[in-house]
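Ready for a few exercises on a protein model? Keep the viewer open and try each task before you read its solution.

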Amino acid sequence: MDTPRLVSLDREHLIHPVSSWQGHEASGATILETGKGVWLTDSKGHHLLDGFSGLWCVNTGYGCESVIEAGRRQLEKLPYATGYFGFSNEPAIELAARLTQHAPGHLNHIYFALGGSDAVDSTLRFIRYYQHARGTPEKRHVIGLQKGYHGSSFVGAGLTALPAFHRDADVPLPWQHHIPSPDPYRHPAGPDAEAIIQASVQALHNEIVKIGGPQHVAAFYCELVQGSGGVIIPPKGWATAMQAACRELDILFVVDEVITGFGRTGPLFACAHENIEPDMMTVAKGLTAGYAPMGGVFMSDTIYETIRDKTPSGVSVGHGQTYSAHPVSAAIGLAVLDLYEGGLLENGTRVGEHLALRLRGLDNHPLVGTTRSVGMLAGIELVTDKANKTKPDAQLGVSRKLSRYGYEQGILFRAFGDDVIGLAPPLCSTIAEMDQLCDGIVSVLDRVMEDPAVASALKA
Ligand code: PLP
């Protein structure tokens with residue numbers, strides 16, 4: 001591989017997702033070349049232990065023969081099949097049937113989208129159809145959480161509540177609203193779980209009053225662990241309370257499991273932790289473990305049947321894409337599901353317990369404010385003053401240092417701003433690999449701490 005040529009062409013022609021365009025041109029990209037298990041190798045031959053499963057998606061690890069073979073067989077047999085005009089395809093049907101069996105509550109229908117953003121976008125469209133069908137079209141406002149991430153389609157970016165997605169983007173739209181994140185570390189009512197839960201329920205009620213009453217509100221959206229907001233784990237009981245509040249207010253409860261789905265937090269879906277039964281649920285990422293693009297929208301019987309019954313016979317529900325229910329992605333999804341069912345979830349849970357143990361050992365590190373994890377999803381929150389929970393000043397460049405030292409150490413994780421390290425290792429990781437990742441993180445944190453500017457900002 002001619003790395004200098006590729007880096008130069010990449011600079012000139014390839015626009016990267018959610019990136020600083022100036023930064024990309026200045027530093028160039030690292031070109032990933034091969035992957036096996038939890039290991040990636042870049043074009044310079046540098047090995048990296050992938051502690052983030054690519055972008056929280058390669059839950060199975062790289063190079064799984066059964067998944068590759070399933071994709072290859074489907075490509076040979078039938079690389080494409082439209083779902084329009086009354087056509088369907090075998091892998092998509094089988095995947096829909098198996099997934100809806102696993103799904104919580106009455107989510108007996110699934111629409112296969114192109115990825116997570118498209119799945120979220122699809123929920124917003126289906127919800128409009130539903131509200132029209134049930135004769136409540138004025139229920140058009142939606143409420144999400146601050147620090148929530150729901151993708152980067154135009155409307156999804158508005159439902160998202162992270163500054164980078166709103167800046168110069170003319171979102172949120174006037175019908176999109178946000179209430180505070182149930183962040184146990186930083187919530188003004190925290191860390192008491194009950195106080196945070198009550199504050200969230202109250203905030204939902206208050207927001208609805210501001211909007212003009214529940215007759216104007218269609219849905220509340222949440223992640224069960226806020227991923228891109230910094231791996232924020234709401235207190236136990238929070239999701240149950242929010243679901244109950246939504247039911248009482250006649251507002252749809254939509255759960256975005258794009259990250260938390262497919263074993264990331266232990267069970268196949270994070271809803272299982274509290275027996276949550278959402279009205280709609282989005283998935284992507286672990287659905288195909290990143291081997292092919294695909295997302296999904298699970299829909300309750302009530303929503304499905306209402307739209308079906310109120311749409312006149314012969315009239316189309318006008319939502320769909322060329323690549324909906326793509327047979328190759330679906331075949332890959334089936335092979336990946338076999339792995340989850342064949343012991344991968346149990347391995348993730350077992351290794352996740354070890355990860356939690358190792359993270360607890362980091363709590364005393366001078367740069368660490370708190371650590372948190374559920375299954376194979378974890379966050380390490382960095383502070384320069386533990387007592388006042390002071391985030392590292394942007395001038396210290398902690399985020400850049402973390403990424404650089406991590407690369408040099410041969411480990412991959414994600415730095416959210418300057419204050420959170422996110423971890424989402426493949427579910428196939430071994431205990432030894434988890435130790436290697438955690439040992440690497442300690443070395444990286446020690447190096448950051450030794451930086452003279454960071455050292456002088458640190459308060460004991
Ligand atoms: N929803 C959540 C919770 C996500 O974390 C993401 C992506 O990280 C998305 C939606 C968007 O998914 P995609 O990047 O596949 O469009």
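Axes here are lines fitted to C-alpha atoms, for helices over the stretch in contact, and angles run from 0 to 180 degrees between N-to-C directions. Helices (H or I, at least four residues) and strands (E, at least two) are DSSP runs, numbered from the N terminus. Residues are numbered from 1 along each chain as its sequence is written. The model is predicted, so local features need pLDDT of at least 70 and side-chain atom pairs count only at pLDDT 80 or more, while totals for chains, interfaces and linings use all residues.

**Exercise 1. Describe how H6 and H11 pack.**

Step 1: two packed helices are described by the angle between their axes and the distance between the axes.
Step 2: for H6 and helix H11 (residues 301–310), the angle is about 65° and the axes are 9 Å apart.
Step 3: list the contacts, meaning residues whose C-beta atoms, placed from the backbone, lie within 7 Å. Phe126, Tyr129, Tyr130 and Ala133 of H6 meet Ile303, Thr306, Ile307 and Lys310 of H11.
Step 4: sort them by class, where Ala, Val, Leu, Ile, Met, Phe, Trp, Tyr, Cys and Pro count as nonpolar, Asp, Glu, Lys and Arg as charged, and the others, Gly among them, as polar. The contact has 6 nonpolar, 1 polar and 1 charged residues.

**Exercise 2. Which helix gives the most residues to the shell around the ligand?**

Step 1: collect the residues near the ligand, those with a C-beta atom, placed from the backbone, within 6 Å of it. There are 14, and Gly115, Gly116, Ser117, Gly151 and Val258 are the closest.
Step 2: assign them to elements; helix H6 (residues 116–133) comes out on top with 3 residues.
Step 3: by class, the shell has 5 nonpolar, 7 polar and 2 charged residues.

**Exercise 3. Trace the sheet of 7 strands and find its edges.**

Step 1: apply the pairing rule, by which two strands pair if DSSP finds at least two bridges between them.
Step 2: the order is E4-E10-E9-E8-E7-E5-E6, in an open sheet with mixed pairing.
Step 3: strand E4 (109–113) and strand E6 (176–179) are the edges, as each pairs on one side only.
Step 4: on average, neighbouring strands are turned by 20° against each other, direction ignored.
Step 5: bring back H6, which packs on this sheet and touches E4, E7, E8, E9 and E10; the direction of H6 makes about 30° with that of E10.
Step 6: look inside the sheet, where E8 (residues 252–256) and E9 (residues 280–283) run parallel over 3 bridges. Val254 has Met280 in E9 as its bridge partner.

**Exercise 4. Why does E1 have one side without a neighbour in its sheet?**

Step 1: write the order of this open sheet of 4 strands, E1-E2-E3-E13, with mixed pairing.
Step 2: E1 (32–36) and E13 (411–412) stand at the edges with a single partner strand each, so one side of each has no neighbour in the sheet.
Step 3: check the partner of E1: strand E2 (residues 39–42) is joined to E1 by 4 bridges and runs antiparallel to E1.

**Exercise 5. Find the unusual backbone geometry.**

Step 1: most residues other than glycine have a negative phi, and most peptide bonds are trans.
Step 2: the bond from Val171 to Pro172 is cis, with omega near 5°. Pro172 sits in the loop between H8 (163–166) and E6.
Step 3: Gly190 and Pro191 are also joined by a cis peptide bond, with omega about 5°.
Step 4: Trp56, which is not a glycine, has a positive phi of about 50°; Trp56 belongs to helix H3 (residues 53–56).

Technical notes
Two residues are in contact if their C-beta atoms, placed from the backbone, lie within 7 Å.
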